[in-house]
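Thank you all for coming; I would like to walk you through a structure that is new to most of us. Please have the sequence and the view in front of you while I talk.

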Amino acid sequence: MSRARRTNLVAGAALSVLAFAGLFPYLFMLAASVKDNDQFFASYWSPAWPVHLDNYAVAWEQVSPYLFTSFVVAGLAIAGTLVLAPAAAFVFARYRFPGRNALFGLIAALLMVPSITSLIPLFVLMRDLGILDSRLVLIVPHITANTVFGIVIMRTYMAQIPEEIFEAARVDGAGGIRLFLAFMLPLARPVIGTVALMTVLGVWNDYFWPLLTVQTDAYRTIPAGLAFFANQNVQQWGPLFAGYVLASLPLLVLFTFLSKWFLAGIQGGIVSGK
Amino acid sequence: MRGSSIVTSTKARRRIPWGVYLVLLPTFALLAAFAYYPALNGMVHSLFEWRPGFESPFVGLENYLTMLGDDLWWASFRNIGVIFVWAVTLMWVFPLLAAELVMSLSSERLRFVFRTLLILPLAFPAVVNVLLWQFMYDPRDGVINSLLRAVGLDGLAGNWIGDPDTALVALMTIGFPWVASLPFLVFLSALQNVPVEIYQAAEVDGAGRLRRFWSIDLPMMFRDVKLLFVLAVISVLQYGMQAHIMTKGGPDNATQVPVLRMLDAAFLDTSWGYAATLGTVLFALTLGVSLVALLLGRKAGA
């Protein structure tokens, strides 16, 4: 056996152990999500037949409102972010005007303010505005956070696009608005996708804010909703795990089809301190 | 504004594009209301006995003095200190090992397969991960105790998150072996960026695997490791979701962390001013760490 093959075998075996260890809780979840309680105890370590898909029906009852709210919050947060961030980034990237650096610095400085340390005053503000316990109170902080992050990364991206592309259009008499809508926006699609994905990740991972601002069950997004769901289904192992699977599906789909953006979103999100 | 300003220098003044301010206005209006105002308001009200909806008397530094004597607050820093040390040692060793192993595979396809399998847990919501581990620790039906009983080690089975002696370790073990993580992605891309020529030269010089690791891989990763280190400090200051789901800071405050202490001050004790103080201190610490890192980075770069 050659040295390269031996290395491959040893490394492959070690990596298989690591991968299995990391995936084990999820594999267990999948297997247990289709067992009834008898099967759960009788064949704890292995899949069991027949498959109980009714667990998913039970879980869907309870988890679907959280999924729906999460989609609404993510969708509107993305819409709000995309109304504000690309235009602002375009202006910062392509125009010279007094105060440009100072204004951009003001925005970039917000990257240094972790959302959790402003949670208390933001909560009081929302209370004063009378919008606690609504979907709106969940959407606004995501728009703010992603607009900040979006402007910073979109500006870098837009500044790198060569000026020549715009020059021809400018000669034809296209104004700033047309340049932005017809040329910059289509070119910036990848970075817009990254920001949209980060918004979804943010909604699926923000735990404390929905937990503290919302009491109506249907207004809970996945993180707070699922924690509540877990407390409601103690010892109901099949439906419990089925609920976890349902809550994970949207992100799994995104990961499958957009894994590159997905990973960029994760790295960007952590780097920006969210 | 064309022609309104007298050209004083030989260089012609550029026309100011006033439209840009109009474009920026909505963004700054939103940020003013929901980012700058709350952040500053929190700092200001750290000096008040904040009673939202009622009159809030000014108390000067009283909240900060209370903090100095708050044993729970300091205990929470001891805990995140432990979490931090764990995060930059054990939680880096496995990702580093995995990255080295992936890079030692000779087939591009195998690399891709293992990389994907290793990071797949990242595709699940963080809350699901924590809830699954909560189940792993379940005293009666959980995976860990079931495994211990299955191999005849009933005596070792414990109430992992209910026992003050094991609760913190149990929290930190969530996600073992931590390969589906930012450190893994960073280590892997750092290793991928090492030029092949360097490895070839090392091989010619007869450097073994370990030698190569110490003399090439580690120095090449140093910059990324510094970044990860700073991010670890920042994220440990914000640590809280796992603890809130599993232990709520208990048992017996064994897993108390600053974020939970801050939230308890506001939502349990209704001491909003004190909570604002704790939030302000957490913010100052985060900012301090970021700035020190920035300065050190600049110095190293110069």
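Let me begin at one small spot, T270(B), which sits in the loop between α13 and α14 (272–301) of chain B. What we are looking at is a predicted model, and every value I quote has been computed from it. T270(B) has a phi near 45°, which is a positive value in a residue other than glycine. Is T270(B) buried or exposed? It counts as exposed, because it has 12 C-beta neighbours inside 10 Å, and a residue with 12 or fewer is put in that class.

A second residue of this kind is K248(B), whose phi is near 55°, again positive although the residue is not glycine. K248(B) belongs to the loop between α12 and α13 of chain B, and it is exposed, since 12 other C-beta atoms lie within 10 Å. That loop, between α12 (241–246) and α13 (258–267), also holds P251(B), and the peptide bond that joins G250(B) to P251(B) is cis, with omega about -10°. Chain A has a cis bond to show as well, from W49(A) to P50(A), with omega near -10°, and P50(A) is placed in the loop between α2 (37–42) and α3 of chain A.

Now let me step back to the chains as wholes, starting with chain B. Chain B has 14 helices and zero strands. Its radius of gyration is 26 Å, whereas a compact globule of 302 residues would have one near 19 Å, and its C-alpha atoms fill a box of roughly 80 × 60 × 30 Å along the principal axes. Of the 302 residues in chain B, 36% are buried. If we take the contacts in chain B between residues at least 6 apart in sequence, 63% of them join residues at least 24 apart.

For chain A, the count is 13 helices and zero strands. Here the radius of gyration is 23 Å, against a value near 19 Å for a compact globule of 274 residues, and the box filled by the C-alpha atoms is roughly 75 × 70 × 35 Å. Buried residues account for 45% of the 274 residues in chain A, and among its contacts between residues at least 6 apart in sequence, 80% join residues at least 24 apart.

One helix of chain B deserves a pause, namely α11 (residues 209–237), which spans only 37 Å between its end C-alpha atoms, where a straight helix of 29 residues would span 42 Å at 1.5 Å a residue. Where does α11(B) bend? The bend is at F222(B), and it comes to about 55°. The buried residues of α11(B) include M221(B), L228(B), L231(B) and A232(B).

How, then, do the chains meet? In this model, 67 residues of chain A are in contact with 72 residues of chain B. On the side of chain A that touches chain B, helix α1 (residues 3–32) of chain A gives the most, with 16 residues. Sorted by class, that side of chain A has 52 nonpolar, 13 polar and two charged residues.

A residue to look at in helix α1 of chain A is G22(A), which is buried because 25 C-beta neighbours lie inside 10 Å and the class begins at 20. Setting aside residues up to four places away in sequence, G22(A) touches L118(B), P121(B), P177(B), V179(B) and A180(B).

Finally, the interior. The largest nonpolar core has 156 residues, and those with the most contacts inside it are L226(A), L131(B) and F184(B). Helix α3 (residues 54–94) of chain A gives the most to this core, with 15 residues. Apart from neighbours within four places in sequence, L226(A) is in contact with Y66(A), G243(A) and A247(A), and also with V127(B), V128(B) and L131(B).

I will close with A196(A), which lies in helix α9 (residues 189–205) of chain A and is buried, as 23 other C-beta atoms lie within 10 Å. A196(A) and T144(A) are 52 residues apart in sequence, and their C-alpha atoms are 13 Å apart in space.

Key:
Residues numbered from 1 in each chain as written. Chains lettered and ligands numbered in written order. Predicted model: local features only at pLDDT ≥ 70, side-chain atom pairs only at ≥ 80, totals over all residues. Contact = placed C-beta atoms within 7 Å. Helix = DSSP H or I, 4+ residues; strand = E, 2+ residues; numbered from the N terminus. Nonpolar A, V, L, I, M, F, W, Y, C, P; charged D, E, K, R; others polar. Core = buried A, V, L, I, M, F, W, Y, C linked by C-beta atoms within 7 Å. Rg over C-alpha atoms; globule rule 2.2 N^0.38 Å. Expected span 1.5 Å × (residues − 1). Bend = angle between axes of the 7 residues up to and from the residue.
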